[in-house]
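Trainee: Please take one part of this model and go through it closely, then work outward to whatever it touches on. I would like the contacts and the burial treated together.

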Amino acid sequence: MAINFGTRLFTRFRGEEVGRDQYGNVYYRERGAKQRKEGSLRRERRWVIYKDEAEASHVPPEWHGWLHHWSDETPPAEGVKRRDWEKPHLPNLTGTELAYRPPGHTLEGGKRAATGGDYEAWQPE
């Protein structure tokens, strides 16, 4: 994992680990942020150190909400209880073998379904 030197240094001296997700990403807040003055307009800094590639879609929804100050509570360590109808979080798969390719895509054979006959090509006069 190649983290920027400045980020690594800031995290070591000013960061306080608050949790980890199921993908191995580590979440931090600025140390001492809880002691900030009551009327202060400055919000605490929150950031993530990714386990692998630094890609925002690797952050699950519950941690996304915490990072963007939608919630002050960190997600529970055992994870959030999912409902039966909820699909598991998937990162952005664009550019991978698992990416969605509609029928007719060149990498899926390149043959589109025939049109229903309602299309007539324009011909210039």
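Mentor: Trp63 is buried, and Trp66 is buried too. These two tryptophans are three residues apart in helix α2, which spans residues 61–67, and therefore about one helical turn separates them. Bear in mind throughout that this is a predicted model.

Before the geometry of that pair, some context on the chain. Its secondary structure consists of two helices and three strands, arranged along the sequence as α-β-β-β-α. The chain has 125 residues, and 22% of them are buried.

Now the rings. A pair of aromatic rings is described by the distance of the centres and the angle of the planes. The count for this model is four aromatic pairs. One of them is Tyr28 with Trp47, a stacked pair with 5.9 Å from centre to centre and 15° between the planes. Tyr28 belongs to strand β2 and Trp47 to strand β3 (residues 46–49), so that this pair links distant parts of the chain, 19 residues apart. Tyr28 and Trp47 are both buried. The pair in helix α2 has another geometry: Trp63 and Trp66 are edge-to-face, with 5.6 Å between the centres and 80° between the planes. Each of those two angles can be set against its cut-off: 15° for Tyr28 and Trp47 is under the 30 degrees that counts as stacked, and 80° for Trp63 and Trp66 is over the 60 that counts as edge-to-face. Ring pairs also join Phe10 to Tyr28 and Trp47 in a cluster.

Helix α2 has a charged contact as well. Side chains of opposite charge can pair when their charged atoms come close. Six salt bridges are counted in the model. In one of them the side chains of Glu62 and Arg82 meet, at 3.0 Å from N to O. Glu62 is in helix α2 whereas Arg82 is in the segment after α2, so this salt bridge ties together parts 20 residues apart in sequence. Glu62 counts as buried because its relative accessibility is 18%, while Arg82, at 32%, counts as partly exposed.

The segment after α2 supplies a partner for strand β3, too. Asp72 and Arg46 form a salt bridge in which the closest N and O atoms are 3.2 Å apart. Because Asp72 lies in the segment after α2 and Arg46 in strand β3, the pair connects parts 26 residues apart in sequence. What is the burial state of each partner, buried or exposed? Asp72 is exposed, with a relative accessible area of 53%, and Arg46 is buried at 12% relative accessibility.

Arg46 and Asp72 are members of a network of salt bridges that also takes in Arg29 and Glu44. Arg29 is found in strand β2, and its relative accessibility of 8% is why it counts as buried. The side chains of Arg29 and Glu44 are joined by a polar contact of 3.1 Å.

From Arg29 the account moves to the strand pairing. Strand β1, residues 15–20, runs antiparallel to strand β2, residues 26–30, with five bridges between them. Within this pairing Glu16 stands opposite Arg29. Five residues lie between the two strands of the hairpin, and there Gly24 has a positive phi near 95°.

Strand β2 also makes a charged contact with the helix that precedes the strands in the α-β-β-β-α pattern. Glu30 and Arg14 form a salt bridge through their side chains, at 2.5 Å from N to O. Glu30 sits in strand β2 and Arg14 in helix α1, and the pair bridges distant parts of the chain, 16 residues apart. The relative accessibility of Glu30 is 3%, so Glu30 is buried; Arg14, at 41%, is partly exposed.

Helix α1 covers residues 5–14 and includes Phe5. With a relative accessible area of 60%, Phe5 is exposed. Together with Leu9 and Phe13, Phe5 makes up a nonpolar patch on the surface, with about 350 Å² of accessible area in total.

To return to the starting point, helix α2 holds the buried Trp63 and Trp66, which meet edge-to-face, and its Glu62 is paired with Arg82 in the segment after α2.

Terms used
Residues are numbered from 1 along each chain as its sequence is written. This is a predicted model: local features need pLDDT of at least 70, side-chain atom pairs count only at pLDDT 80 or more; totals for chains, interfaces and linings use all residues. Side-chain values use heavy atoms; hydrogens and water are left out. Two strands pair if DSSP finds at least two bridges between them. Helices (H or I, at least four residues) and strands (E, at least two) are DSSP runs, numbered from the N terminus. Rings of Phe, Tyr and Trp (its six-membered ring) pair if their centres lie within 6.5 Å; planes under 30 degrees apart count as stacked, over 60 as edge-to-face and the rest as tilted. Buried means under 20% relative accessible area, exposed over 50%, partly exposed in between (1.4 Å probe, protein chains only). Patches are made of residues with over 30% relative accessible area and no salt bridge: like charges are joined within 9 Å, nonpolar side chains (Val, Leu, Ile, Met, Phe, Trp, Tyr) within 5 Å. Accessible areas come from the Shrake-Rupley method with a 1.4 Å probe; for residues, only the protein chains shown count as cover. A salt bridge is a side-chain nitrogen of Lys or Arg within 4 Å of a carboxyl oxygen of Asp or Glu. A polar contact is a pair of N or O atoms within 3.5 Å; within protein, one must be able to donate a hydrogen and the other to accept it, and residues adjacent in sequence count only if both atoms are side-chain atoms.
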